[in-house]
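Q: I have a model open on my screen and would like to learn how to read it. Could you walk me through some of its features?

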Amino acid sequence: MSPTRRDVLKWGAGAGGLATAAVLGMPSAATAASWAYRSWMSSLSSSLPITGLTIPGTHNTCSITGGAVPKCQDWNLPTQFGNGIRFLDIRLNGLAGTANEMGLYHGPVYMYKRYQDVLSDCRTFLRGNPGEVIVMRIKNEHSGGNKLNAEEFKRRFNWHLDDPSMGFRSLFWTNPSWPTLGQARGKVVLLTDFTHDWSTLRWSGHCDIQDQYNVSDDAKRRAIVAHFDKAFYDHSTSKMFINFTSTAKGPIPNPAIGAEKILPSVYAYLDPRRNQRARFGIVPMDFPNYRTDILDLLINKNFI
C-alpha cells in the first residue's frame with residue numbers, strides 16, 4: 001500500500017530535519033528530507049494531469065559554483081531530487097574543446113557539469129523511483145565564447161539523445177501536450193526554450209510564466225502573489241503555471257541575498273493556506289535549502 005502524504009510528513013518529522021528547521025527558522029541540513037521526499041509523486045493518482053500539480057523546482061538548477069553572482073544553488077542535482085525538486089531549469093552552451101558536447105552555464109560561466117551528466121543523474125533517479133516525473137526546461141543560454149547558434153544547438157542536443165553510447169532519447173516525454181502523471185511516470189518531460197521546428201512542449205507557448213527578476217523586492221513579492229492567485233482561480237487553462245521566486249536586482253546581482261529577502265514572503269503566503277486545496281504549478285527557487293519548510297508546503301498541496 002502506498003504511503004499517504006501524512007505518513008511522509010510523519011516520517012520526515014521523525015527524522016528531525018524539517019520539523020527542527022521549521023521551528024527554529026533555520027535551514028535544514030542538505031539531506032534532511034531526502035528519504036522522505038524521494039517518491040512523493042508515487043502515491044498520487046496516475047490520472048492527474050501534470051498541470052494540476054504543485055511542483056517545486058530550481059532556477060538555474062546546476063549553478064552551484066562561480067562566485068556570488070552566478071551561484072543560485074547549494075544542492076547538487078541528486079540532493080535536489082532527494083528533497084522533492086521535480087523541475088529543472090537547464091541552461092546550455094557548447095563545451096569548449098569538444099565537437100558535440102554541451103555544458104551547464106549561467107550566462108558565460110561554466111558550472112563544471114556536462115549535459116550528459118545531468119541526463120545520467122536523471123536516469124539514475126528515475127530508475128530507482130519509477131513513479132516520479134521530472135519536468136526539464138532546456139534553454140539555449142547563447143552566451144560567452146561557447147554560445148551556439150540555433151542549428152548547432154539542435155544538432156548537439158540530438159547527439160545527446162541518439163549517440164549509442166548514451167541512448168537518452170527513451171528517457172524523454174517529447175509529445176507536444178502535457179501528459180497525465182501516469183503517462184509520464186519514469187520520464188523527463190521535455191520543455192523546450194530554444195529555436196526549433198520540432199513537435200514538443202514549448203516554454204513560450206505551453207506555459208503561463210512569472211519571471212520578474214530585475215525589479216524591486218516589493219514588486220517581486222506582488223508578482224509572486226498575483227501568479228499564485230491566478231493559478232488558484234484559473235481552472236480552465238491547459239498551460240502550466242510557472243512562478244519564479246528568484247530575483248537578482250542591482251548592478252551586482254546576488255541570488256543568495258535575493259532568496260533571503262523573498263523566500264520569507266513566499267512562506268507567508270503559503271502557510272495560512274496550508275489546508276486549502278490548490279494547484280500552483282511549478283515554483284522554481286534559488287537556494288531552496290534556505291527554507292525547506294516552503295518545499296514541504298508546496299509538496300503538501302498535492303495531498304489535500
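A: Happy to: we will look at the cores, a cavity, some salt bridges, a few loop residues and one helix. Keep in mind that this is a predicted model.

Q: Let's start inside. Which residues of the largest nonpolar core touch the most other members?

A: A core is read by asking which buried nonpolar side chains are joined through contacts. Here the largest nonpolar core has 51 residues, and Ile 90, Tyr 115, Met 136 and Ile 138 touch the most other members. The element that gives the most to this core is helix α9 (residues 255-270), with seven residues. Apart from that core lies another, made of 24 residues, including Leu 181, Trp 203, Ile 242 and Phe 244.

Q: Could we take one of those residues as an example? What does Ile 90 touch, leaving out residues up to four places away in sequence?

A: Counted that way, Ile 90 touches Thr 61, Cys 62, Leu 104, Tyr 115, Val 118, Met 136, Arg 137, Ile 138 and Lys 139. Tyr 115, Met 136 and Ile 138 are listed with Ile 90 among the core residues that touch the most other members.

Q: Now for the empty space. How many cavities of 30 Å³ or more are there?

A: Rolling a probe the size of a water molecule over the atoms shows where empty space is left. In this model, a search of the whole structure finds two cavities of 30 Å³ or more. Let's look at the second largest cavity, which has a volume of about 30 Å³.

Q: Which residues line the second largest cavity?

A: The lining consists of Asn 60, Thr 61, Cys 62, Ser 63, Asp 89, Arg 91, Leu 104, Tyr 105 and Met 111. Sorted by character, the lining has four nonpolar, three polar and two charged residues. Strands β2 (87-94) and β3 (102-106) each supply at least two residues of this lining. You have met some of these names before: Thr 61, Cys 62 and Leu 104 are among the residues that Ile 90 touches.

Q: On to charges. How many salt bridges does the model have?

A: The count comes to 19 salt bridges. To read one, find a side-chain nitrogen of Lys or Arg within 4 Å of a carboxyl oxygen of Asp or Glu. A good place to begin is the pair Glu 152 and Arg 155, whose side chains meet at 2.9 Å, N to O.

Q: Where do Glu 152 and Arg 155 sit with respect to each other in helix α6?

A: An α-helix has 3.6 residues a turn, so residues three or four places apart point the same way. Glu 152 and Arg 155 are three residues apart in helix α6 (residues 150-162), which means that about one helical turn separates them. Glu 152 is partly exposed at 23% relative accessible area, and Arg 155 is partly exposed too, at 36%.

Q: How do I tell whether a salt bridge has buried or exposed partners?

A: Look at the relative accessible area: under 20% is buried, over 50% is exposed, and values in between are partly exposed. Try two cases. Asp 162 and Arg 169 form a salt bridge with their closest N and O atoms 2.7 Å apart. Asp 162 is partly exposed at 45%, and Arg 169 is partly exposed at 35%. In the other case, the side chains of Asp 293 and Arg 291 meet at 2.8 Å, N to O. Asp 293 counts as buried, at 12% relative accessibility, and Arg 291 counts as buried at 18%. Salt bridges can also share partners, as they do in the network that joins Asp 89, Arg 91, Arg 137 and Asp 193.

Q: What about the backbone? Which residue other than glycine has a positive phi of about 50°?

A: That is Asn 60. Asn 60 lies in the loop between β1 (54-58) and α4 (77-82) and is buried, with a relative accessible area of 2%. Asn 60 also belongs to the lining of the second largest cavity. Another case is His 142, with a positive phi near 45°. His 142 is in the loop between β5 (134-140) and α6, and its relative accessible area of 43% makes this residue partly exposed.

Q: One last feature. How many of the residues of helix α10 are buried?

A: Nine of the nine residues of helix α10 (residues 292-300) are buried, so the helix is largely enclosed by the rest of the structure. Among them are Asp 293, Leu 298 and Asn 300. The C-alpha atom of Leu 298 is 9.8 Å from that of Asp 271, 27 residues away along the chain. Asp 271 lies in the loop between α9 and β11 (281-285) and is partly exposed at 24% relative accessibility.

Technical notes: Residues numbered from 1 in each chain as written. Predicted model: local features only at pLDDT ≥ 70, side-chain atom pairs only at ≥ 80, totals over all residues. Heavy atoms only, no water. Core = buried A, V, L, I, M, F, W, Y, C linked by side-chain atoms within 4.5 Å. Buried < 20%, exposed > 50% of the residue type's maximum accessible area, 1.4 Å probe, protein only. Helix = DSSP H or I, 4+ residues; strand = E, 2+ residues; numbered from the N terminus. Contact = heavy atoms within 4.5 Å. 1 Å grid on protein atoms, 1.4 Å probe; cavity = no way out; pocket = protein on both sides within 12 Å on 5 of 7 lines; lining within 4 Å. Points joined across faces, edges and corners; volume = space filled by probe spheres on them. Nonpolar A, V, L, I, M, F, W, Y, C, P; charged D, E, K, R; others polar.
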